[in-house]
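I sat down with this structure today and kept notes as I went. Here they are, in the order I looked things up.

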Amino acid sequence: MGLYGAVAAGGFRRYATYGTATAAGVFTNTAFGFVLAYTFIALWDERPGLGGYDQAQALTFMWVSQALLAAGALIGGGFQEEFQERVRTGDIAVDLYRPADLQLWWLAGDLGRAGFQLLGRGVVPLVVGALAFELALPADPLRWLLFLVAVTLGLVVSFALRYLLGLAAFWLMDGAGINLMATVASVFFSGMLLPLTVFPGGFGEFVRVMPWAAMLQVPLDVLLGQGAGAGTAAGAFAFQAAWALALLGLGRLMQSAATRKVVVQGG
């Protein structure tokens with residue numbers, strides 16, 4: 001565990017060195033947050049209570065989503081592009097020779113990256129949003145603790161999905177197409193644009209049980225105390241943990257198949 005803790009700390013320090021990129025990301029998240037905030041205000045003025053949220057809750061959902069955007073790598077920026085490039089060049093052979101588990105190594109590094117992004121790009125947009133708009137942020141410390149647990153589980157689910165994308169490079173060699181499709185799915189099915197509770201009927205029920213919901217919708221419902229989606233906090237954690245275990249297990253199977261059929265190009 002000390003090894004993977006060091007890898008996570010290294011991932012944190014690595015992204016902490018990019019001060020200019022972090023500042024640009026904070027500005028982008030904050031500016032885009034204002035655009036979305038006024039869009040949400042107009043929408044909830046027309047449809048009060050849409051999706052089971054009042055306007056303050058909807059704005060809270062949106063601003064916290066902006067705070068989690070980079071940490072969850074919901075629109076890219078995670079480890080998968082680097083992983084795919086290492087497969088393409090053959091450098092993945094170095095990773096396979098390390099005296100460490102391949103999946104846990106990349107999980108630790110990605111959690112370190114996510115931890116920095118949560119602090120570096122998440123806190124400022126949320127604070128700005130709270131100062132500029134009336135948000136429904138809870139005052140109960142326990143609610144925030146439960147939210148952090150849900151966020152952590154959501155980050156693991158996010159990693160597990162992106163690890164599958166990385167492993168796909170063993171067969172595809174070029175991950176650009178599958179990464180683009182995954183980004184579109186993440187934007188739409190995670191709740192990043194609109195809460196998933198907005199979608200009606202069977203389609204709404206379908207998107208709320210998909211793994212992307214565990215990355216954003218469920219943590220936000222835990223923070224806001226909503227019973228939608230995965231239900232209570234315990235139910236939410238069980239929902240996220242089930243997807244995390246299923247996807248990590250699938251990653252193990254796919255990793256085993258990939259390492260038996262390693263195709264090294266140019267390295």
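**Entry 1: helix H10**

I began with helix H10, residues 201-208, and asked which of its residues are buried; they are Gly204, Val207 and Arg208. Looking down the axis of H10, I found these buried residues within an arc of 100°, so they line one face of the helix. I then turned to the other side of H10, where Gly202 and Glu205 are exposed. What do the buried residues of H10 pack against? I noted three partners: helix H9 (176-189), helix H11 (211-215) and H13. A reminder to myself before going further: this is a predicted model.

**Entry 2: Pro200**

Next I looked up Pro200, which sits in the loop between H9 and H10. Is Pro200 buried or exposed? I have it down as exposed, with a relative accessible area of 60%. I also checked its distance to Gly177: the two are 23 residues apart in sequence, and their C-alpha atoms are 30 Å apart in space.

**Entry 3: salt bridges**

I counted the salt bridges and got seven for the structure. I wrote up three of the pairs.

Asp101 with Arg252: the closest N and O atoms of this salt bridge are 2.5 Å apart. Why did I mark this pair as a tie between separate parts of the chain? Asp101 belongs to the loop between helix H5 (92-97) and helix H6 (102-120), while Arg252 is in helix H13 (residues 233-260), so the pair ties together parts that are 151 residues apart in sequence. Arg252 counts as partly exposed, at 34% relative accessibility.

Arg113 with Asp110: here the side chains meet in a salt bridge at 2.8 Å, N to O. Both residues belong to helix H6 and are three residues apart, which means that about one helical turn separates them. How accessible are the two partners? I found Arg113 buried, with a relative accessible area of 1%, and Asp110 buried as well, at 3% relative accessibility.

I followed that with a look at shared partners, and salt bridges of this kind join Arg86, Asp95 and Arg98 into one network. Within that network, Asp95 forms a salt bridge with Arg98, and their closest N and O atoms are 2.4 Å apart. Asp95 is buried, with a relative accessible area of 3%, whereas Arg98 counts as partly exposed at 26% relative accessibility.

**Entry 4: Phe12**

I moved on to Phe12, which I found in helix H1, residues 2-16. Phe12 counts as partly exposed, at 33% relative accessibility. Which residues is Phe12 in contact with, leaving aside its neighbours within four places in sequence? My list reads Gly112, Arg113, Gly115, Phe116 and Leu119. Arg113 is the residue I had just met in the salt bridge with Asp110. I also looked at Phe12 and Ala108, which are 96 residues apart in sequence and 10.0 Å apart in space, C-alpha to C-alpha.

**Entry 5: Ala73**

A backbone angle caught my eye here. Phi of Ala73 is near 50°, a positive value in a residue other than glycine. Where is Ala73? I placed Ala73 in the loop between helix H3 (55-69) and helix H4 (80-89). Ala73 is buried, with a relative accessible area of 6%.

**Entry 6: the cavity**

My last search was for enclosed empty space. Rolling a probe the size of a water molecule over the atoms shows where empty space is left. How many cavities of 30 Å³ or more does a search of the whole structure find? I got one, and I noted a volume of about 70 Å³ for the largest cavity.

Then I listed what lines the largest cavity: Leu68, Gly72, Leu74, Val151, Gly154, Leu155, Ser158, Met215 and Pro219. Which element gives the most to this lining? Helix H8, residues 141-172, does, with four residues. I sorted the lining by class too, and wrote down six nonpolar, three polar and no charged residues.

Terms used. Residues numbered from 1 in each chain as written. Predicted model: local features only at pLDDT ≥ 70, side-chain atom pairs only at ≥ 80, totals over all residues. Heavy atoms only, no water. 1 Å grid on protein atoms, 1.4 Å probe; cavity = no way out; pocket = protein on both sides within 12 Å on 5 of 7 lines; lining within 4 Å. Points joined across faces, edges and corners; volume = space filled by probe spheres on them. Helix = DSSP H or I, 4+ residues; strand = E, 2+ residues; numbered from the N terminus. Nonpolar A, V, L, I, M, F, W, Y, C, P; charged D, E, K, R; others polar. Salt bridge = Lys/Arg side-chain N within 4 Å of Asp/Glu carboxyl O. Buried < 20%, exposed > 50% of the residue type's maximum accessible area, 1.4 Å probe, protein only. Arc of directions from axis to C-beta. Contact = heavy atoms within 4.5 Å.
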